[in-house]
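Biologist: Please take a close look at the metal site in this model. I would like one connected account of what holds the metal and what surrounds it.

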2 protein chains.
Amino acid sequence: MTETTPQASDRSIDTQASGFEAVRQAHQSEMVEDYVELIAELIHQNGAARPVEIAERLGVTQPTVSKNLARLKREGFIEQIPYRSLQLTDAGRQLAEACRMRHRIVVEFLIALGVSPEVAEHDAEGIEHHVSEETLAVFKGFVRRTDETK
Amino acid sequence: MTETTPQASDRSIDTQASGFEAVRQAHQSEMVEDYVELIAELIHQNGAARPVEIAERLGVTQPTVSKNLARLKREGFIEQIPYRSLQLTDAGRQLAEACRMRHRIVVEFLIALGVSPEVAEHDAEGIEHHVSEETLAVFKGFVRRTDETK
DNA sequence: TCGATAAATTAGACAAGGCTAACTTTAATA
DNA sequence: TATTAAAGTTAGCCTTGTCTAATTTATCGA
Ligand SMILES: [Mn+2]
Ligand SMILES: [Mn+2]
Ligand SMILES: [Mn+2]
Ligand SMILES: [Mn+2]
């Protein structure tokens, strides 16, 4: 009779823990996601993505970008020839596209909801990494419905 | 004429950087916020908040909690007498209450929107830290309107 | 009241993502 | 084409949050 009494709240402890676990997971992919998304954006806007510009857009220093790009390279998302534009691999392009869509949906959702465009863009940068497939689908539906009604 | 040509996108570079900056900021307060919120919840539910239970709820080890509690103590959010329940200071209680409210609003908002309760709780754990005052107000308004219509 | 058990802490390692300072390399231009 | 400015890298430091292993300490039930 020394066992911990399993009660109604037993399951919810694991559920709660898994929520926190998911947040930690999300934070581990966040840097990679933001970088590939930004690289794709720069290539689209400028025809080239250079580390110095990534640093500027993110508000970090060049060495930070240098170090982080090493991870992207190591994980197979980019190819880099020094002093040439960064290139996304197929995997990189694929991830970037998924991130771009998710980002766009979150921003459009917030705007449809009534948040100002600047703040929507601001908040989306963090929120996007914590939105499950289910929630994203709900966001998407809301945007679609709002667009129709308009 | 060596100056960088200031164009329309000049402002938006800073804006974009400030978004990423805000995300980094949010992540710096996140641990403290989750801990005080959880401590308040445990005190409310159990009458006591013990480190071992915090570890369980967060899905981390006891030494991790021990180390993080040192920060909460250092920053004046808790008082701790070993082997007694953790106590929140006034500042701690205040922060915990703000976090609890924000958390509740985010969860209720997602549910009102059509997300399942489990997923709403899951996603809220990360989203809550990236919601500005403006967005939170919009969420709150949406929940209120939904409740009325019901 | 004492001794077993659970709780908590300490020590030490590691990975990630920031930074500054110093150096190398490329590219633009005079 | 030779200089120089800009871009990029390297080295090394810091902080945060995680872990394991080992140790200390308090509590509680026999
Ligand atoms: Mn982001
Ligand atoms: Mn993004
Ligand atoms: Mn949280
Ligand atoms: Mn986050």
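Modeller: Both His103(A) and Glu128(A) are buried, where buried means under 20% relative accessible area, exposed over 50% and partly exposed in between, with a 1.4 Å probe and protein chains only. This is a predicted model, in which local features need pLDDT of at least 70, side-chain atom pairs count only at pLDDT 80 or more, and totals for chains, interfaces and linings use all residues. Residues are numbered from 1 along each chain as its sequence is written, chains are lettered from A and ligands numbered from 1 in the order in which they are written, and side-chain values use heavy atoms, with hydrogens and water left out.

His103(A) and Glu128(A) both appear among the donors of the manganese ion (ligand 2), which is coordinated by Glu37(A) (OE), His103(A) (ND1), Glu125(A) (OE) and, twice, Glu128(A) (OE), at 2.3 to 2.6 Å. Donors are N, O and S atoms within 2.8 Å of the metal (3.2 Å for Na, K and Ca); water is not among the atoms, so sites may look incomplete. Along the chain these donors follow the spacing E-x65-H-x21-E-x2-E. The pair His103(A) and Glu128(A) links distant parts of the chain, 25 residues apart: His103(A) is in helix 4 (residues 90-113) of chain A, and Glu128(A) is in the loop between helix 5 (117-127) and helix 6 (133-149). Helices (H or I, at least four residues) are DSSP runs, numbered from the N terminus.

The manganese ion (ligand 1) has as donors Asp34(A) (OD), Glu125(A) (O), Glu125(A) (OE), Glu128(A) (OE) and His129(A) (NE2), at 2.1 to 2.3 Å. Their sequence spacing is D-x90-E-x2-E-H. Glu125(A) bridges the two manganese ions, ligand 2 and ligand 1, which lie 3.7 Å apart. Glu125(A) counts as buried because its relative accessibility is 6%, and His129(A) is buried with a relative accessible area of 7%.

Two of the ligand 2 donors also turn up in a pocket. The second largest pocket has a volume of about 740 Å³. Of its 28 lining residues, the closest to the centre are Glu37(A), Glu41(A), Gln45(A), His103(A) and Gln16(B). On a 1 Å grid over the protein atoms alone, a pocket is an open set of points where a 1.4 Å probe fits, with protein on both sides within 12 Å along at least five of seven lines; lining residues have an atom within 4 Å of a point. Grid points are joined across faces, edges and corners, and the volume is the space filled by probe spheres set on them. Helix 1 of chain A gives the most to this lining, with eight residues.

Terms used
Helices (H or I, at least four residues) and strands (E, at least two) are DSSP runs, numbered from the N terminus.
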